[in-house]
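Colleague: Good morning. I should like to go through this model with you before our meeting. May I put some short questions?

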Amino acid sequence: MTATAVIGLQWGDEAKGKIVDLLTDQHDVVVRYQGGNNAGHTVCFDGEKYKLSLLPAGVLHPGIVSVIASGVVINPEAFLDELSGIENRLGKTSGDELLISDRAHVIMPYHLAEEAILEARSKDNAIGTTMRGIGTCYRDKAGRSHAIRMGDLLHPDLLKTRLEEIVSFKNVVLKALDANAPQLSAAEIFETYQKYAERLAPHITDTTSYLHKAIATDKKLLFEGAQGSLLDIDHGTFPFVTSSSSSGAGIHSGSGVPERAIGRLIGVVKAYTTRVGGGPFPTELHDEIGQHIRDTGNEYGTVTGRPRRCGWFDAVASSYGARISGVDHLTIALLDVLDGLGEVQICAEYEIDGERTTDFPSHVEELAKVKPVYKTLPGWNSDTTAARKLSDLPSAARGYIDTICELLDAPPAFISVGPDREQTITCD
Ligand code: IMP
C-alpha cells in the first residue's frame with residue numbers, strides 16, 4: 001500500500017496544508033481530488049509564504065508530480081492566476097509535473113452569477129458559501145445536461161455547440177431569478193475559454209489512468225483533502241456543507257483510486273474548533289475567549305478574509321468526522337493558540353432534550369438544540385511554540401492532547417505549535 005491521505009475532521013481550515021507540505025517530500029505524487037478554489041491554505045516554504053487554493057502542495061517541491069483529479073471543480077481563470085503566481089516565483093511548471101483530469105468539471109461564469117443571486121435571496125438561511133460557483137458547478141455535474149468537463153475544452157466544436165445550448169437556458173434562469181441579472185453571451189464565453197484551453201491543454205490528461213500506473217509502479221501517493229469531514233455533502237451538517245465529498249469517503253470517488261490503495265489516513269484537527277458560513281456550532285464562543293482564539297490563531301479566511309467563528313474543541317463532532325473518514329493517526333494543530341488560558345474545555349458529550357449522547361445528530365435542527373457537556377482541564381501558562389518533542393510540552397498540554405486522542409480513539413502523529421515547518425512535534 002503506497003498512499004497516505006490527509007483529511008480534515010472538523011469544518012475545514014484545520015491546517016492540513018502544513019501537514020501535506022511536511023509529508024510531500026516522502027511522496028512522489030500529490031493529489032487534490034475534490035472541491036475547488038473554495039479551499040485555501042498558506043504554506044510557509046523556504047522562508048516564504050505561499051497561498052494555495054487549487055494547486056496541490058506538490059507544486060512547491062521540484063520533482064514531485066501534482067495531480068488535480070476528476071472530483072475537483074476548476075475555475076480556469078483562478079487556476080491560471082494561481083499557477084502564474086507560483087511560476088513567477090519558482091519557474092515554469094510542465095505538463096508532466098502538473099496534471100489536470102479531463103474528467104474534472106469546469107466552473108463557468110453562469111455558475112458564479114447564479115450563486116450570487118441564490119445566496120442573496122436566501123437571506124437568513126444563506127449557506128454562507130465562498131461565492132466561487134462551487135455548488136452551482138457541482139449541481140450541473142449531477143444534473144449532467146449542462147455540465148462541461150475539462151476534456152470538453154479540447155474539443156472546440158463540441159464546446160461551442162454545448163455553450164450555445166447551455167447559455168441560452170442559463171439566461172432564462174438568471175432572468176427569472178433576478179430581473180436585473182446580466183445576460184451572458186455564449187460567443188464571448190467560448191472565446192475566453194478557448195484562450196484558457198490553449199494554456200491548459202498541456203496539463204489536461206486522464207489522471208485516473210496516470211494514478212493507476214503510478215500505483216502499479218510503486219510510486220508513493222499523497223492525497224490532500226480540502227475542507228473537512230463535517231462539510232461533506234452526504235455526511236456533514238447538511239445543508240450547511242460544501243458540495244463535494246470532503247471526508248475520507250471522497251478520496252476514491254474523486255480520484256478513481258480504490259480504498260485498498262490507502263495505507264495511512266491522517267485526520268487533522270485544530271486544538272479548538274472553527275467554522276465559516278452558516279449552520280449550528282455547539283461549542284461556539286461569543287465571548288472574549290472566542291475573540292482571543294480568533295486573534296491569536298489568525299482565524300480569518302484565506303480565500304474570503306471572513307472572520308471564522310471560534311469555539312472549544314468538540315470531541316463529539318470530531319470523532320464523528322474521524323469515524324466517517326476512518327483515521328489511523330491524528331494531527332492536532334494550533335495547540336499554541338491555547339497557550340496562556342487559565343483552563344481549557346473539551347466538549348465530550350452532547351445534551352439534546354435532556355438526554356446525553358456521544359452520537360452526532362444527522363439533522364441540523366437536532367444539532368441546533370445541542371447543549372455541550374464539557375470536560376474542564378487545566379490550562380498551561382507557558383509558550384509551547386518552541387516545543388519540538390512531546391516531553392518539551394507542559395504536562396497540562398500533554399494531558400489535553402491525551403484527552404483528545406482518547407476521545408477520538410486514535411494516536412497522535414504530529415502536534416503543530418506554530419506555522420513554520422520546524423514548529424512540529426513528530427510523535428512516535
Ligand atoms: P462552498 O464550498 O463555497 O459552496 O461553501 C459551502 C460552505 O462550506 C460554506 O459554509 C463555506 O464557508 C464552507 N467552506 C467551503 N470551503 C471551505 C474551506 O476551505 N474551509 C472552511 N470552510 C469552507
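Colleague: Where is Pro 239 placed?
Modeller: In this predicted model, Pro 239 sits in the loop between strand 10 and helix 8. The peptide bond that joins Phe 238 and Pro 239 is cis, with omega at about 5°. Most peptide bonds are trans.

Colleague: And where is Ser 244?
Modeller: Ser 244 is also placed in a loop, the one between strand 10 (221-224) and helix 8 (250-255).

Colleague: Is Ser 244 buried or exposed?
Modeller: Ser 244 counts as buried because its relative accessible area is 4%, and the cut-off for buried is under 20%.

Colleague: What does Ser 244 contact?
Modeller: Apart from neighbours within four places in sequence, Ser 244 is in contact with Gln 34, Gly 35, Tyr 138, Gln 227, Leu 231, Asp 232 and Ile 233.

Colleague: Let us turn to the overall layout. How is the protein chain divided into domains?
Modeller: Domain 1 consists of 3-93 + 207-426, and domain 2 covers 105-202. Taken over C-alpha atoms, the centres of domain 1 and domain 2 are separated by 29 Å.

Colleague: How many residues does each domain bring to the contact?
Modeller: Domain 1 contributes 27 residues to the contact and domain 2 contributes 21 residues.

Colleague: What about the interior? Which residues touch the most other members of the largest nonpolar core?
Modeller: They are Phe 223, Leu 335, Leu 338 and Tyr 400, in a core of 57 residues. Helix 12 (residues 395-408) gives the most to this core, namely seven residues.

Colleague: Which residues does Leu 335 touch?
Modeller: Leaving out residues up to four places away in sequence, Leu 335 touches Ala 271, Trp 380, Thr 384, Leu 393, Ala 397, Tyr 400, Ile 401, Ile 415, Ser 416 and Val 417. There is also a second, separate core of 48 residues, which includes Leu 60, Ile 166, Val 167 and Ala 186.

Colleague: I should like to look at helix packing next. At what angle do helix 5 and helix 6 pack?
Modeller: Helix 5 (residues 156-177) and helix 6 (residues 186-200) pack at about 145°, and their axes are 9 Å apart. The crossing of helix 5 and helix 6 is right-handed.

Colleague: Which residues make that contact?
Modeller: Helix 5 supplies Pro 156, Leu 159, Lys 160, Leu 163, Glu 164 and Val 167, while helix 6 supplies Ala 186, Ile 189, Phe 190 and Gln 194. By type, the residues of this contact comprise seven nonpolar, one polar and two charged.

Colleague: Where is Pro 109 found, and what does Pro 109 touch?
Modeller: Pro 109 is in helix 3. Not counting residues up to four places away in sequence, Pro 109 touches Leu 184, Ile 189 and Tyr 193. Pro 109 and Ile 189 are 80 residues apart in sequence, yet their C-alpha atoms are 7.9 Å apart in space.

Colleague: Why does Pro 109 count as partly exposed?
Modeller: Pro 109 counts as partly exposed because its relative accessibility is 27%, and that class lies between the cut-offs of 20% and 50%.

Colleague: Changing topic to the backbone: which sign does phi have at Met 131, positive or negative?
Modeller: Met 131 has a positive phi of about 60°, although Met 131 is not a glycine. Most residues other than glycine have a negative phi. Met 131 lies in the loop between helix 3 (109-122) and helix 4 (134-143).

Colleague: And what is phi at Asn 298?
Modeller: Phi of Asn 298 is near 50°, again a positive value in a residue other than glycine. Asn 298 lies in the loop between helix 9 (288-296) and strand 13 (309-311).

Colleague: Is Asn 298 buried or exposed?
Modeller: Asn 298 is exposed because its relative accessible area is 53%, and exposed requires over 50%. Met 131, with 37%, is partly exposed.

Colleague: One last point. Where is Gly 263 placed?
Modeller: Gly 263 is in strand 11 (residues 262-270). The C-alpha atoms of Gly 263 and Thr 2 are separated by 6.1 Å, although the two residues are 261 residues apart along the chain. Gly 263 is partly exposed, with a relative accessible area of 36%.

Terms used: Residues are numbered from 1 along each chain as its sequence is written. This is a predicted model: local features need pLDDT of at least 70, side-chain atom pairs count only at pLDDT 80 or more; totals for chains, interfaces and linings use all residues. Side-chain values use heavy atoms; hydrogens and water are left out. A nonpolar core is a set of buried Ala, Val, Leu, Ile, Met, Phe, Trp, Tyr and Cys residues joined through side-chain atoms within 4.5 Å. Buried means under 20% relative accessible area, exposed over 50%, partly exposed in between (1.4 Å probe, protein chains only). Helices (H or I, at least four residues) and strands (E, at least two) are DSSP runs, numbered from the N terminus. Contact means heavy atoms within 4.5 Å. Axes are lines fitted to C-alpha atoms, for helices over the stretch in contact, and angles run from 0 to 180 degrees between N-to-C directions. A crossing is left-handed if the near helix is turned anticlockwise from the far one by less than a right angle, and right-handed if clockwise. Ala, Val, Leu, Ile, Met, Phe, Trp, Tyr, Cys and Pro count as nonpolar, Asp, Glu, Lys and Arg as charged, and the others, Gly among them, as polar. Domain bounds come from an automatic or database domain assignment.
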